[in-house]
Amino acid sequence: MSADAEALKTLLPEDAKRRLSTLLERQGAVTVVLDAGGLDQLGRDKLEIAVKAALRGAEGVSEVRVALTADKAEPAPVPRNGPRIIAVGSGKGGVGKSTLSANLAVALARLGLRVGLVDADIYGPSQPRLMASEGRKPTAHDEKLVPLDTQWGVRMLSVGNLVEPGRAVAWRGPMAGGALGQLMDAHWDNTDVIVIDLPPGTGDVQLTMVQKHKPDGAVIVSTPQDLALIDATRAMNFFEQTRVPVIGMVENMSGYVCPHCGEESDPFGHGGAQDMAVKGGVAFLGHIPLDLAIRQESDAGRPPAAGDTAQGQAFMAVARKVADWLEQTA
Ligand SMILES: Nc1ncnc2c1ncn2[C@@H]1O[C@H](COP(=O)(O)OP(=O)(O)OP(=O)(O)O)[C@@H](O)[C@H]1O
């Protein structure tokens with residue numbers, strides 16, 4: 001552990017020091033994992049607030065994320081025989097993370113895998129629209145949700161299928177964590193891989209999700225713009241800190257193909273994410289063009305990856321690399 005992290009540990013309230021499992025610091029972003037065993041909701045809230053208050057003012061700290069886990073005495077997670085888990089993350093919203101997640105799931109299914117899709121983007125669930133399951137409600141048996149079937153062979157669960165649109169927006173961290181737990185602990189038998197569409201950013205909800213459900217790997221989506229790339233770096237650091245291997249980076253909205261004349265231009269630049277992947281030592285999984293057809297088809301609930309258009313091929317190329325990674329790390 002670096003000297004900075006050691007110094008930060010001394011600033012924690014006494015109770016938090018006793019409960020500390022991990023404290024990591026990277027470029028001003030501090031990740032704190034605490035054992036919240038025996039605490040009720042009020043106690044958990046107080047602990048989280050106290051830790052954030054203690055560290056936020058500290059020199060060089062720009063961001064504090066807190067994850068509260070169950071009792072420390074609980075056995076460490078054993079290797080699962082269940083589905084592999086791939087988290088799709090981004091440093092910020094609007095870069096096409098949900099679009100990529102849906103199309104990656106459909107493309108992996110086309111490659112012959114049995115695929116599940118979990119929409120963990122609880123504050124803006126868009127998978128029901130992208131996967132044409134709006135208004136459908138999953139059933140439950142044995143107190144576990146049964147994923148919805150879709151016409152592309154991908155089974156899915158989204159908070160958007162559980163609550164009325166807009167209702168989840170007011171949820172606080174623990175409620176959000178509970179809802180995500182239900183989506184993950186569902187009947188995912190006969191599934192090879194679950195693709196999780198994470199909420200944008202690198203905050204507490206993402207941290208809890210990653211701590212609790214231990215993805216096997218992460219795919220990071222970015223646009224080629226400089227600002228988006230700064231955020232993508234944060235996402236990369238986040239997965240590194242939480243010990244989730246980064247499978248690679250996808251550059252979305254890369255090169256604009258004019259629907260009228262077919263000419264290609266680069267409104268957001270081109271290749272930035274690829275350069276960053278190379279510099280950061282992570283694999284580059286491919287470019288997805290900025291193409292009106294992708295938005296129109298996605299909005300209409302027809303994932304482009306299901307077709308053989310140029311857009312569909314771009315998603316298939318990314319999925320092939322992810323499938324290779326899954327095979328190599330099996
Ligand atoms: N390659 C693309 N070409 C054209 N439009 C795209 C492309 N990728 C995504 N979009 C559009 O951009 C918008 C944002 O995409 P999306 O919802 O997937 O992003 P997000 O990163 O998941 O956003 P949020 O963080 O808000 O959930 C959508 O309208 C989507 O259809």
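Two residues count as being in contact here if their C-beta atoms, placed from the backbone, lie within 7 Å. Keep that in mind as you click around, and remember that this is a predicted model.

**Stop 1: the two domains**

Start by colouring residues 3-69 as domain 1 and 84-328 as domain 2, following the domain assignment of the chain. Their C-alpha centres sit 29 Å apart. The two do meet: 12 residues of domain 1 are in contact with 11 residues of domain 2.

Which elements give two or more residues to domain 1's side of that meeting place? Select strand E1 (20-26), strand E2 (29-35), helix H3 (41-56) and strand E3 (63-69) to see them. E3 provides the largest share, with 4 residues. If you colour this side of domain 1 by class, you should find 5 nonpolar, 4 polar and 3 charged residues.

**Stop 2: around the ligand**

Now move to the ligand and show the 20 residues around it. Gly-93, Gly-96, Lys-97, Ser-98 and Thr-99 come nearest. To see which elements give two or more residues to this shell, select helix H4 (97-110), strand E12 (246-257), strand E14 (284-290) and helix H10 (292-299). Sorted by class, the shell has 10 polar, 6 nonpolar and 4 charged residues.

**Stop 3: the annotated stretch**

Next, select Gly-91, Lys-92, Gly-93, Gly-94, Val-95, Gly-96, Lys-97 and Ser-98. An unreviewed UniProt entry places the feature "binding site" at these residues. Let's look at two of them in turn.

**Stop 4: Gly-91**

Zoom in on Gly-91, in the loop between strand E4 (84-89) and H4. Is Gly-91 buried or exposed? It counts as buried because 24 other C-beta atoms lie within 10 Å of its own, and the cut-off for that label is 20 or more. Now leave out residues up to four places away in sequence and show what Gly-91 still touches: Gly-201, Thr-202, Asp-231, Ala-232, Arg-234 and Ala-235.

**Stop 5: Ser-98**

Finish with Ser-98, which you'll find in helix H4. You have met Ser-98 already, as one of the residues that come nearest the ligand. Ser-98 has 26 other C-beta atoms within 10 Å, so this residue is buried too. What does Ser-98 contact once its neighbours within four places in sequence are left aside? Select Asp-121, Ser-126, Gln-127, Leu-130 and Asp-197, and you have the list.

Methods: Residues are numbered from 1 along each chain as its sequence is written. This is a predicted model: local features need pLDDT of at least 70, side-chain atom pairs count only at pLDDT 80 or more; totals for chains, interfaces and linings use all residues. Domain bounds come from an automatic or database domain assignment. Ala, Val, Leu, Ile, Met, Phe, Trp, Tyr, Cys and Pro count as nonpolar, Asp, Glu, Lys and Arg as charged, and the others, Gly among them, as polar. A residue is near a molecule or strand if its C-beta atom, placed from the backbone, lies within 6 Å of it. UniProt positions are given in the numbering used here, feature names are shortened, and annotations may be inferred rather than shown by experiment. A residue is buried if 20 or more other C-beta atoms lie within 10 Å of its own, exposed if 12 or fewer, and partly exposed in between; C-beta atoms are placed from the backbone.
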